[in-house]
Amino acid sequence: YTFSYFIITFKAVKERWGIDYFNDERVRRFAGWLCRFFGPFDKRFNAYTWPAIGNSVLPQNQGEYLLCYASELAEGDPLREESLAVWEKTAPLCRPSEHYPLVMAAMAPLKMPDARCQVPGKARSNLKPETRNLKPLSSEVMDEVGVAMRHRHTEADESYLFQKIGFAKDHYEADETAFNWYAKGTPFCMEYGTYTSEASVGGAHNVVEIPDEDALRRGYLAAHLFTGAADYTHCEVPVTLKLLWGKVRTFAEAENKDGKIDRRKTPYFYIGDKNPVGPKAWKVRKMLFIKPDCIVLFDRVYGQVPHRYNLHFTGTDIRREGQRITGKGRFDLDLLAFVQHPAEFDMELGELIPNVHSGCDQDRRNHSQNYLRIYNTRDGIYRTLIFAKEHGRDLRLQSVGSCGIKISAPEYTDYVFMHDDLVDELAGDIRFKGRVGMMRRRADGSVMACVPDGDLIAAFGTALEGRGPWSFNLDASGRIVMHGGPPRNISKS
């Protein structure tokens, strides 16, 4: 949307004054960012799309603006080819809405003899079918917007886990640290892209929510680690409370049913010298993406404020059995979640069927998700595992010590530990010292480990010791790889 304004302006400047901003390094970076941000094929809409991060629409097409941009680049330019590859994926749903007519008129004629598009169904057309492939990508930080964690990119079963963190606003939704997860080719735990008010409130995002939290306040990415087998992020979010009512309200008092905002007159204005000063609060979220099956989350709220854990799932029939939560997937993956902490909690279930903007797929059911909300009234910690489970796959989950989870599957056995304090866990022959680490024994008996933040992990008769971040045997080579930091020794016994 923003890019469309640039296209028109740069064309006018080039034609009138001969200044070529299309090839300005900053603009090229922006266009390249749009190509890399592009998401996978979404089964809900039978279309390729950009992910629903911020106040967006789904499916997000508008690849025609990259087509227009590509027309101003030299043939053979790699960025031209990448822009056209994205355009070809979005072309079947290209529609003349909003800025489309103006941009196309400003850019006409497009000198693109090699531009092709995909012909939907059996529609009659003289256009040739698509021939370009998307460039395979790996996980990366996308400055000020978030983190793109990928597995098997461009393949039919690709995973694309995007976490929102950073200054970029997109209407300042309450979405800091929220994630959008296409798991193994399937939309699984998604952000809503309907450009409507009920999809912008905190309860509509996959986050730990605080009532009356000011969405203007942004967080930051404190640490990250990318490997072929596991990705890790550590996000910190300072919290500013909007005390328009003179106090920190409860969820019951603050709940915006169906996204409707309470318009009653408040005792205080949003900004003013006489506003009461509320308690200071802070949020931490750590995420470990164990590819491609599951994500493990550690969330902590610092401060005496109400909070809850929100998770949205493209499926139905969410049920709880103690610490284990299951759900029936809309497609080929079911939900299996495990709440390691708190062991005792209250849970609320529901379904969000949002209204949709005219630019979206108009079937509201395609956008709907079931959700669960976990309330921890004892402390500020949530430690959870979310598994994208194939139908009939045999899995067992259980707690290990005070901050660990054991995953037992036919293909492997994992031990995962997460905290934001230094811990020294000992459970039988299992030991972990640090904050975040995991170890796996594969079905063939080989062992791998990934320690983003820790000093020792031991299991399956193998002990690895040394300051993280490092990984061991992720590619079955037996190598220990250090991921940044000063030179140091990692010992194996």
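**Contacts, strands and one buried phenylalanine**

Among the contacts in this chain between residues at least 6 apart in sequence, 59% join residues at least 24 apart. Please keep in mind throughout that what we are looking at is a predicted model.

Let me stay with the whole chain for a moment. The secondary structure comes to seven helices and 28 strands. The chain has a radius of gyration of 24 Å, and since the globule rule gives 23 Å for 493 residues, which is close, the chain is as compact as a globular protein of that length. If you prefer to think in terms of extent, the C-alpha trace spans about 70 × 65 × 45 Å along its principal axes. Of the 493 residues, 55% count as buried, while the chain as a whole exposes about 22100 Å², of which carbon and sulfur atoms supply 51%. As for charge, there are 66 positive and 65 negative side chains, and the centres of these two sets lie 1 Å apart.

Now to a particular stretch of strands, beginning with β21, which covers residues 404-408, and β22, which covers residues 412-427; these two pair in the antiparallel sense over five bridges. Together β21 and β22 form a hairpin with three residues between them, and within this pairing Ile-407 stands opposite Asp-414 in β22. On the other side of the sequence, β22 is joined by 12 bridges to strand β23, residues 430-442, and this pair also runs antiparallel. Here Glu-425 stands opposite Phe-432 in β23. The hairpin of β22 and β23 has two residues between the strands, and in it Gly-428 takes a positive phi near 65°. As a general reminder for anyone following the side chains along these strands, in a regular strand they alternate between the two faces of the sheet.

Finally, I would like to turn to a single residue, Phe-45, which sits in the loop between β1 (41-42) and β2 (47-48). Is Phe-45, in its loop, buried or exposed? Its relative accessibility is 7%, and because buried means under 20%, Phe-45 counts as buried. Leaving aside residues up to four places away in sequence, Phe-45 touches Leu-58, Pro-59, Asp-361, Asn-366 and His-367. For a sense of distance across the model, the C-alpha atoms of Phe-45 and His-483, which are 438 residues apart along the chain, are separated by 39 Å.

How values were computed: Residues numbered from 1 in each chain as written. Predicted model: local features only at pLDDT ≥ 70, side-chain atom pairs only at ≥ 80, totals over all residues. Heavy atoms only, no water. Pairing = 2+ DSSP bridges. Helix = DSSP H or I, 4+ residues; strand = E, 2+ residues; numbered from the N terminus. Rg over C-alpha atoms; globule rule 2.2 N^0.38 Å. Buried < 20%, exposed > 50% of the residue type's maximum accessible area, 1.4 Å probe, protein only. Contact = heavy atoms within 4.5 Å. Areas by Shrake-Rupley, 256 points an atom, 1.4 Å probe, with all protein chains shown as cover. Lys, Arg positive; Asp, Glu negative; His and termini not counted. Charge placed at Lys NZ, Arg CZ, Asp CG, Glu CD.
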